[in-house]
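Here is a set of short exercises to work through with the structure open beside you. Try each task before you read its solution.

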Amino acid sequence: MIGLETVHTTNLLHTTQPLLNRGMTVDECKIMCTHNSINMREKLFFRILYETQLRPFEVLNLLVEQWDRNQHLITAVRVKQKTKPKKGNRKEKEWLPSTPKTRAITPITNEIIRTLVSNRKKGHIFVNEKGERLSLEWFNERINHYAKIMGIQKIKKYYADGRTLKLITCMALREAGERHHDNEGGSRKLSAVAADHTMQVKEKHYEKVGEDIEQIIQSYQKFHPAWVEGW
């Protein structure tokens with residue numbers, strides 16, 4: 001819920017209430033990750049966001065080859081944007097591979113991937129009926145659709161011009177997974193690494209910590225609701 005106290009700027013109407021108190025609840029996340037009315041493909045996308053704290057575009061780009069079905073692991077290959085000069089003083093954007101991110105998924109999510117990809121050996125996990133990769137806009141529309149029909153979508157007037165902010169979104173689901181892990185006693189340092197915060201955010205809110213995959217996996221399996229409650 002957005003608080004009553006606000007701060008006015010020229011363009012935005014900001015709340016002073018912390019983001020942690022405005023995000024998705026555990027019950028709302030559980031609905032989006034488990035409800036029978038949600039299509040398996042969309043449900044899998046939502047579950048991975050909530051369980052791993054991978055960014056939506058990283059989940060969208062997951063390949064079948066990056067899934068370890070035996071160890072229940074997925075590896076997202078990040079891309080970073082590099083701008084290089086082009087003729088005529090124009091700048092061209094180039095996407096380059098970066099350090100892979102390996103994350104654990106729950107046994108149920110692992111089985112959903114197995115069912116969804118069937119006998120496919122390579123290619124993107126999230127494709128349409130024609131085998132074409134889906135877009136983030138499509139998944140954002142779908143989570144809003146399901147949240148609305150199940151009566152959990154929360155829309156708040158947030159901008160000064162009257163535009164609204166949807167609180168049940170793919171990014172909110174990702175952020176909620178990290179918060180719920182922390183709220184149950186999990187290491188805030190490890191979840192920050194899992195979520196791949198910028199160094200500025202890490203230095204401001206968390207102690208520095210290395211990329212220890214085993215510690216991250218153990219912490220999530222012990223404290224994250226999807227593991228603890230066996231969703």
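**Exercise 1. Describe how helix H2 packs against helix H4, and sort the residues that touch.**

Solution. Start with the geometry. In this predicted model, helix H2 (residues 40–52) packs on helix H4 (residues 107–117) at an angle of about 145 degrees, and their axes are 10 Å apart. Next, look at the handedness: H2 and H4 make a left-handed crossing.

Now find the residues in the contact. H2 contributes Met40, Arg41, Leu44, Arg47, Ile48 and Glu51, while H4 contributes Ile108, Thr109, Ile112, Ile113, Thr115 and Leu116. Finally, sort them by type: the contact of H2 with H4 has seven nonpolar, two polar and three charged residues.

**Exercise 2. Decide whether H1 and H2 are parallel, antiparallel, perpendicular or oblique to each other.**

Solution. First, read the angle. The axes of helix H1 (residues 26–34) and H2 cross at roughly 140 degrees and come within 7 Å. Then compare with the cut-offs: angles over 145 degrees count as roughly antiparallel, and 65 to 115 as roughly perpendicular. The angle fits neither range, so H1 and H2 are oblique to each other.

To complete the picture, list the partners. On the H1 side are Cys29, Met32, Cys33 and Thr34, and they meet Lys43, Phe46, Arg47 and Tyr50 of H2. By type, the contact of H1 with H2 divides into five nonpolar residues, one polar and two charged.

**Exercise 3. Work out how many disulfides there are, and check Cys29 as an example.**

Solution. Recall the chemistry first: a disulfide is a covalent bond between the sulfur atoms of two cysteines. For a pair to count here, the sulfur atoms must lie within 2.5 Å. With this rule, the count is zero disulfides.

Now test Cys29. Its nearest cysteine sulfur belongs to Cys33 and is 6.3 Å away, and Cys29 is in no disulfide. As a last step, check the surroundings. Buried means under 20% relative accessible area. Cys29 is buried because its relative accessibility is 0%. Cys170, with a relative accessible area of 2%, is therefore buried too.

**Exercise 4. Gln53 and His72 each have a positive phi. Say where each one lies and whether it is buried or partly exposed.**

Solution. Begin with the background: most residues other than glycine have a negative phi. Gln53 is not a glycine, yet its phi is positive, at about 65 degrees. This residue sits in the loop between H2 and H3. Gln53 has 0% relative accessibility, so it counts as buried.

Turn to His72, which is also not a glycine and has a positive phi of about 60 degrees. His72 is in the loop between strand E3 (67–68) and strand E4 (73–86). Its relative accessibility is 24%, so His72 counts as partly exposed.

**Exercise 5. Place Phe57 in the chain, then find how far its C-alpha atom is from that of Leu136.**

Solution. Phe57 belongs to helix H3 (residues 56–60). Its relative accessible area is 31%, so Phe57 is partly exposed. Then look along the chain: Phe57 and Leu136 are 79 residues apart, while their C-alpha atoms are separated by 6.9 Å.

To finish, step back to the whole chain. Among contacts between residues at least 6 apart in sequence, 60% join residues at least 24 apart. The chain has 10 helices and seven strands, and buried residues make up 41% of its 231 residues.

Definitions and conventions
Residues numbered from 1 in each chain as written. Predicted model: local features only at pLDDT ≥ 70, side-chain atom pairs only at ≥ 80, totals over all residues. Heavy atoms only, no water. Helix = DSSP H or I, 4+ residues; strand = E, 2+ residues; numbered from the N terminus. Buried < 20%, exposed > 50% of the residue type's maximum accessible area, 1.4 Å probe, protein only. Axes fitted to C-alpha atoms, helices over the stretch in contact; angles between N-to-C directions. Left-handed = near helix turned anticlockwise from the far one by under 90°. Contact = heavy atoms within 4.5 Å. Nonpolar A, V, L, I, M, F, W, Y, C, P; charged D, E, K, R; others polar. Parallel < 35°, antiparallel > 145°, perpendicular 65-115°, else oblique.
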